[in-house]
Amino acid sequence: MNLSIRNRLVLGFGVMLFLLAVVAGVGQIQLAKIQHLNTELDERAYRLSLASEWAMQVKIAVATKGGVPALDTEQVKKLGSLVQAEEEKRALNAAMSSHAGAPEAHMQAVDQLAGKLVSLQIADSGQLQAALTRAVTLNWGVLFVGVVLGIGIAMRISQTIVGPLKQASAATEQIASGDLSVAIPPGGKDEVGVMLTSLALMQSNL
């Protein structure tokens with residue numbers, strides 16, 4: 001590696017920052033997905049509560065032989081404005097269309113709407129749990145890879161600096177003790193290499 005020690009350290013520090021940014025980025029992406037799924041879960045839970053209230057009103061009306069609630073109730077209006085999924089729309093349209101028929105058939109259609117929302121809510125809960133599991137697994141995996149790469153880079157940089165320094169120190173001690181035949185390894189272009197070159201020149205002059 002012909003980079004100077006300073007440049008190596010800067011490069012290593014930059015790589016570590018990049019790895020940290022990757023870990024943080026992956027975490028943010030997973031968190032955004034989880035927040036989106038959680039929002040959908042909350043919205044569907046609200047629609048389910050509206051459908052359940054509607055179903056309860058229809059059941060009470062059928063049980064008391066009274067007239068079923070009209071389609072201009074607050075629950076039906078809100079459902080009409082909040083429902084987006086095609087499955088929910090079909091179930092809601094079927095429930096509203098059955099209003100003109102027999103009360104029992106209308107009650108069954110509204111119950112089916114509530115049941116459809118329950119099944120979708122369960123599916124949403126499963127997706128949220130799966131997303132949480134994936135996020136934890138992925139984040140730990142990326143963090144592990146980042147730590148391993150960081151340690152490897154740090155050890156590599158350390159070896160390119162500490163190794164030549166140890167060789168220079170050993171050669172200096174032998175020269176200081178009077179042994180001028182010690183073999184000094186050729187120096188590179190970095191600071192340690194320049195020092196080894198100067199040490200070899202000093203040995204030659206002595």
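A salt bridge is a side-chain nitrogen of Lys or Arg within 4 Å of a carboxyl oxygen of Asp or Glu. With that in hand, here are some close-ups of this predicted model.

**Figure 1. Four charged residues, Arg44, Arg47, Glu88 and Asp124, hook up in a network of salt bridges.** Start with Arg44 and Asp124, whose side chains pair up with 2.3 Å from N to O. The two partners sit 80 residues apart in the chain, with Arg44 in helix α1 (residues 5–63) and Asp124 in helix α4 (residues 103–176). Are they buried or exposed? Arg44 has a relative accessibility of 10%, so it counts as buried, and Asp124 is buried too, at 8%. Now look at Arg47 and Glu88, which form a salt bridge of 2.8 Å, N to O. This pair also links distant parts of the chain: Arg47 belongs to helix α1 and Glu88 to helix α3 (residues 86–97), 41 residues apart. Both Arg47 and Glu88 are buried.

**Figure 2. Glu87 and Lys116 make a salt bridge of their own.** The closest N and O atoms of this pair are 3.6 Å apart. Glu87 comes from helix α3 and Lys116 from helix α4, and 29 residues separate them in the chain. How accessible is each partner? Glu87 is partly exposed, because its relative accessibility is 35%, and Lys116 is partly exposed as well, at 29%. Counting through the whole model gives 6 salt bridges. Why would such side chains pair up at all? Opposite charges can pair when their charged atoms come close.

**Figure 3. Asp124 has company from helix α1 and sits buried in helix α4.** Zoom in on Asp124, a residue of helix α4. Which residues does it touch, once neighbours within four places in sequence are set aside? Asp124 is in contact with Glu40, Leu41 and Arg44. Its relative accessible area is 8%, which is under the 20% limit, so Asp124 counts as buried.

**Figure 4. The largest nonpolar core brings together 18 residues.** Among those with the most contacts inside this core are Ala51, Trp54, Leu79 and Leu92, along with Ala95, Val110 and Leu113. Helices α1, α2 (74–82), α3 and α4 each chip in at least two residues. Which helix gives the most? That is α1, with 7 residues. Pick Ala51 as a landmark: leaving out residues up to four places away in sequence, Ala51 touches Leu79, Val110, Leu113, Ala114 and Leu117. There is also a second, separate core of 11 residues, which includes Ile5, Ile184, Val192 and Leu199. As background, nonpolar side chains in soluble globular proteins tend to be buried together.

**Figure 5. Helix α2 has a buried side and an exposed face.** The buried residues here are Gln75, Val76 and Leu79. They span an arc of only 95° around the axis, so they lie on the same side of α2. Turned away from that buried side is a face carrying the exposed residues Lys77 and Ser81. What covers the buried residues of α2? The cover includes α1, α3 and α4.

**Figure 6. Helix α5 (residues 191–205) also has a buried side, and its length adds up.** Try the length check first: this helix has 15 residues, and at 1.5 Å a residue it should span 21 Å. Its end C-alpha atoms are 21 Å apart, so the expected span and the model agree. Next, find the buried residues: Val192, Gly193, Leu196, Leu199 and Gln203. Because they cover an arc of only 120° around the axis, they sit on the same side of α5. On the face turned away from the buried side you will find the exposed residues Leu201, Ser204 and Asn205. Helices α1 and α4 are among what covers the buried residues of α5.

**Figure 7. Lys33 and Ala131 are 98 residues apart in sequence, yet 7.6 Å apart in space.** That distance runs from C-alpha to C-alpha. Lys33 is part of helix α1. Its relative accessibility is 48%, so Lys33 counts as partly exposed.

Methods: Residues are numbered from 1 along each chain as its sequence is written. This is a predicted model: local features need pLDDT of at least 70, side-chain atom pairs count only at pLDDT 80 or more; totals for chains, interfaces and linings use all residues. Side-chain values use heavy atoms; hydrogens and water are left out. Helices (H or I, at least four residues) and strands (E, at least two) are DSSP runs, numbered from the N terminus. Buried means under 20% relative accessible area, exposed over 50%, partly exposed in between (1.4 Å probe, protein chains only). The expected span of a helix is 1.5 Å times one less than its number of residues. The arc is that of the directions from the helix axis to the C-beta atoms. Contact means heavy atoms within 4.5 Å. A nonpolar core is a set of buried Ala, Val, Leu, Ile, Met, Phe, Trp, Tyr and Cys residues joined through side-chain atoms within 4.5 Å.
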